[in-house]
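Colleague: I am new to this one. Please show me the structure, then take my questions.

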Amino acid sequence: MQAEHETTPMKQRTLFGRLPFYYGWVILAAGALGIVASIPGQTMGVSVFTDHLIAALQVSRVGISTAYMAGTLASALIIPYAGKLFDRIGARSTAAISAFALGLFLLFLAYSGRLSSAILATGMPVIPTGIAIAVTGFFGIRFFGQGVLTLASRGMVVRWFSSRRGLATGFLGVATAFGFSYAPRPLQALIDRFGWSGALVALGAFLIVVFVPFI
């Protein structure tokens, strides 16, 4: 147990040392929730909305897949800079920024159909417009969701454990694997209740209004 406390700052060590349990387990639960909150930016979360985005943006399935690939690759190219930010400002600030930005990009995708219609009204071609909007939205949710929020959540847990780091990582893997595999059902339920655009608005609002303060 002492080895775990050695990974925490002195001020935190004094505060949390008064608790009857190691505070790292609370951090573990929070980290798991952080990774689960990234689901709208993960592949299993995006896939539930794919058909709706195809119809709203008037692009083919190949076109939406290409846009997803482009957004993901662009996200991967700059994710190392997010790692530098994590080292500089810490897990809490990094996770809060990424959750807020993820919420904004979910709202962007929620209104992407209306944005596309407005742009097309100016005479712009359909396919390039739809793909450009899709790439922008996918880049945002992939970078801030699958990338930064996941990185910050995992990194936070690792910093709080030393001798039991493998055990903590194992629990984190189990929790997130369950969350990822179950996620399509509640997402589809949201779509059935509020429509695909309303579901994205609900997810974005939840991240900004509820999850950011939680972080």
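Modeller: One term before we start. Helices are DSSP runs of H or I, at least four residues long, numbered from the N terminus. Keep in mind that this is a predicted model.

Colleague: Where in the protein is the place of Val26?
Modeller: Helices are numbered from the N terminus. Residues 24-37 form helix 3. The place of Val26 is therefore in one of these numbered runs: helix 3.

Colleague: How many helices and how many strands are there in the protein?
Modeller: Read along the sequence, the pattern is α-α-α-α-α-α-α-α-α-α-α. The count of strands is zero. The count of helices is 11.

Colleague: Is Val26 buried, partly exposed or exposed?
Modeller: Buried means under 20% relative accessible area, and exposed means over 50%. Val26 has 33%, so it lies between those limits. Val26 is partly exposed.

Colleague: Which residues form a nonpolar patch on the surface with Val26?
Modeller: A patch takes residues with over 30% relative accessible area. Val26 has 33%, so it passes that cut-off. The patch has about 230 Å² of accessible area together. The partners of Val26 are Leu19 and Phe21.

Colleague: What share of the protein's exposed area do carbon and sulfur atoms supply?
Modeller: The protein exposes about 10900 Å². Buried residues make up 42% of its 215 residues. The carbon and sulfur share of the exposed area is 69%.

Colleague: How far apart do the centres of the positive and negative side chains lie?
Modeller: There are 15 positive side chains and 5 negative ones. Each set has its own centre. The two centres lie apart by 6 Å.

Note on methods: Residues numbered from 1 in each chain as written. Predicted model: local features only at pLDDT ≥ 70, side-chain atom pairs only at ≥ 80, totals over all residues. Heavy atoms only, no water. Helix = DSSP H or I, 4+ residues; strand = E, 2+ residues; numbered from the N terminus. Buried < 20%, exposed > 50% of the residue type's maximum accessible area, 1.4 Å probe, protein only. Areas by Shrake-Rupley, 256 points an atom, 1.4 Å probe, with all protein chains shown as cover. Lys, Arg positive; Asp, Glu negative; His and termini not counted. Charge placed at Lys NZ, Arg CZ, Asp CG, Glu CD. Patch = residues over 30% accessible without salt bridge, like charges linked within 9 Å, V, L, I, M, F, W, Y side chains within 5 Å. Salt bridge = Lys/Arg side-chain N within 4 Å of Asp/Glu carboxyl O.
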